[in-house]
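Thanks for taking a look at this one with me. Here are some notes to read alongside the structure, written for someone meeting it for the first time.

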Amino acid sequence: MNNKTKGAIAGIAGIALLAGGTTFALWNDDASIAGGVITAGNLEVATVGTATWKDISADRTDPNHTIASLTAFKIIPGDTIEGTFGIDAALEGDNMVANLGLALDGLSPEGSLLADPSVVEISYSLVKADGTAVASATDIALGTPASVKFASADNSNNVATLPTLIDHLDGVADYKVVVNVHFLTATSDRERVQASADLQDLGVTLEQDRTAGIGGGF
């Protein structure tokens with residue numbers, strides 16, 4: 001084999017080696033898209049202020065008598081007292097709908113004043129800040145959870161016209177829970193004398209709801 005042939009073969013081998021180990025790039029370019037920033041919404045709930053209690057017994061000569069200290073107040077058969085708690089809640093999100101749940105927890109331990117519903121009746125209601133009742137949450141019995149649907153103020157498709165909440169907690173009571181406690185008159189034989197119950201354990205929950213047919217873009 002002459003030198004020219006050897007040189008040609010070596011050249012072909014070099015090209016093959018180069019082709020096998022390197023990728024030839026054709027023209028290309030890239031650009032970024034100004035997509036903006038995605039921000040999550042908000043869901044918050046808190047109780048605000050101090051609970052207030054009144055003696056609203058029908059036979060009192062001074063109706064709606066303020067109870068200065070619930071701990072010091074001694075309830076007796078025939079009495080009806082009423083407590084009011086403030087609720088501050090916030091929602092934010094284009095499709096945000098949530099259930100505000102109300103629960104009175106831990107009120108009926110064995111031996112407490114409320115252990116027997118035939119002795120003491122307790123119910124609660126949700127009212128607006130101005131005192132207007134919320135129709136779907138009125139006179140609910142102790143132990144029965146209430147759930148009222150709300151939408152965020154920025155909900156773009158609030159087709160069920162749900163009541164709205166602003167996007168942050170502002171320390172102001174948007175709604176109030178009113179608790180009504182009645183010690184039944186027909187209570188005899190010193191039943192539940194000096195028994196007690198904690199009426200200040202109010203549970204409030206706010207849970208997002210994506211159920212179809214309730215509004216909020218669904």
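Which backbone nitrogen does the side chain of serine 125 reach? Keep that in mind as you go through the points; the model is a predicted one, and the reply comes in point 3.

1. **Overall make-up.** Start with the broad view. The protein has one helix and 10 strands. Read from the N terminus, the order is α-β-β-β-β-β-β-β-β-β-β, so you can find the helix at the start of that series and follow the strands from there. Of the 218 residues, 33% are buried. The accessible surface is about 13,500 Å², and carbon and sulfur atoms account for 54% of that surface. If you count contacts between residues at least 6 apart in sequence, 76% of them join residues at least 24 apart.

2. **The open sheet.** Next, please trace the sheet. Six strands form an open sheet in the order β2-β1-β3-β9-β5-β6, with antiparallel pairing. Its edge strands are β2 and β6, each of which pairs on one side only. Within the sheet, β5 and β9 pair in the antiparallel sense over nine bridges. One spot to look at is lysine 128, which stands opposite tyrosine 175 in β9.

3. **Serine 125 and its partner.** Now back to the opening question. The side chain of serine 125 reaches the backbone nitrogen of aspartate 139 at 2.8 Å. Serine 125 sits in strand β5, residues 120-128. Is serine 125 buried or exposed? Its relative accessibility is 11%, so it counts as buried, the cut-off being under 20%. Leaving aside residues up to four places away in sequence, serine 125 touches Ala137, Thr138, Asp139, Lys176, Val177 and Val178.

4. **Two residues with positive phi.** Aspartate 139 deserves a look of its own. It lies in the loop between β5 and β6 (140-141), and it is exposed, with a relative accessible area of 58%. Its phi is positive, about 50 degrees, although it is not a glycine. Most residues other than glycine have a negative phi. Asparagine 64 also has a positive phi, of about 60 degrees, and is not a glycine. You will find asparagine 64 in the loop between β1 (42-55) and β2 (65-66), where it is partly exposed at a relative accessible area of 45%.

5. **The nonpolar core.** Which residues have the most contacts inside the largest nonpolar core? They are Trp53, Leu102, Leu126, Val177 and Val179, in a core of 31 residues. At least two residues of this core come from each of β3 (80-92), β4 (97-104), β5, β7 (146-152), β9 (175-183) and β10 (202-208). In soluble globular proteins, nonpolar side chains tend to be buried together. Leucine 126 is a good place to zoom in: not counting residues up to four places away in sequence, its contacts include Ile87, Leu100, Leu102, Val148, Tyr175 and Val177.

6. **Aromatic pairs.** How many aromatic pairs does the structure hold? There are two. Tryptophan 53 and phenylalanine 85 form an edge-to-face pair, 6.2 Å centre to centre with 85 degrees between the planes. Tryptophan 53 belongs to strand β1 and phenylalanine 85 to strand β3, so this pair ties together parts 32 residues apart in sequence. Both tryptophan 53 and phenylalanine 85 are buried. Phenylalanine 150 and tyrosine 175 have ring centres 5.0 Å apart and planes at 65 degrees, so they too are edge-to-face. Because phenylalanine 150 lies in strand β7 and tyrosine 175 in strand β9, their pair ties together parts 25 residues apart in sequence. Phenylalanine 150 and tyrosine 175 are buried as well.

7. **Threonine 52.** A last stop is threonine 52, in strand β1. It is partly exposed, with a relative accessible area of 47%. Beyond residues up to four places away in sequence, threonine 52 touches Glu82, Gly83 and Thr84. Threonine 52 and leucine 70 are 18 residues apart in sequence, and their C-alpha atoms are 8.9 Å apart in space.

Methods. Residues are numbered from 1 along each chain as its sequence is written. This is a predicted model: local features need pLDDT of at least 70, side-chain atom pairs count only at pLDDT 80 or more; totals for chains, interfaces and linings use all residues. Side-chain values use heavy atoms; hydrogens and water are left out. Helices (H or I, at least four residues) and strands (E, at least two) are DSSP runs, numbered from the N terminus. Buried means under 20% relative accessible area, exposed over 50%, partly exposed in between (1.4 Å probe, protein chains only). Contact means heavy atoms within 4.5 Å. Accessible areas come from the Shrake-Rupley method with a 1.4 Å probe; for residues, only the protein chains shown count as cover. A polar contact is a pair of N or O atoms within 3.5 Å; within protein, one must be able to donate a hydrogen and the other to accept it, and residues adjacent in sequence count only if both atoms are side-chain atoms. A nonpolar core is a set of buried Ala, Val, Leu, Ile, Met, Phe, Trp, Tyr and Cys residues joined through side-chain atoms within 4.5 Å. Two strands pair if DSSP finds at least two bridges between them. Rings of Phe, Tyr and Trp (its six-membered ring) pair if their centres lie within 6.5 Å; planes under 30 degrees apart count as stacked, over 60 as edge-to-face and the rest as tilted.
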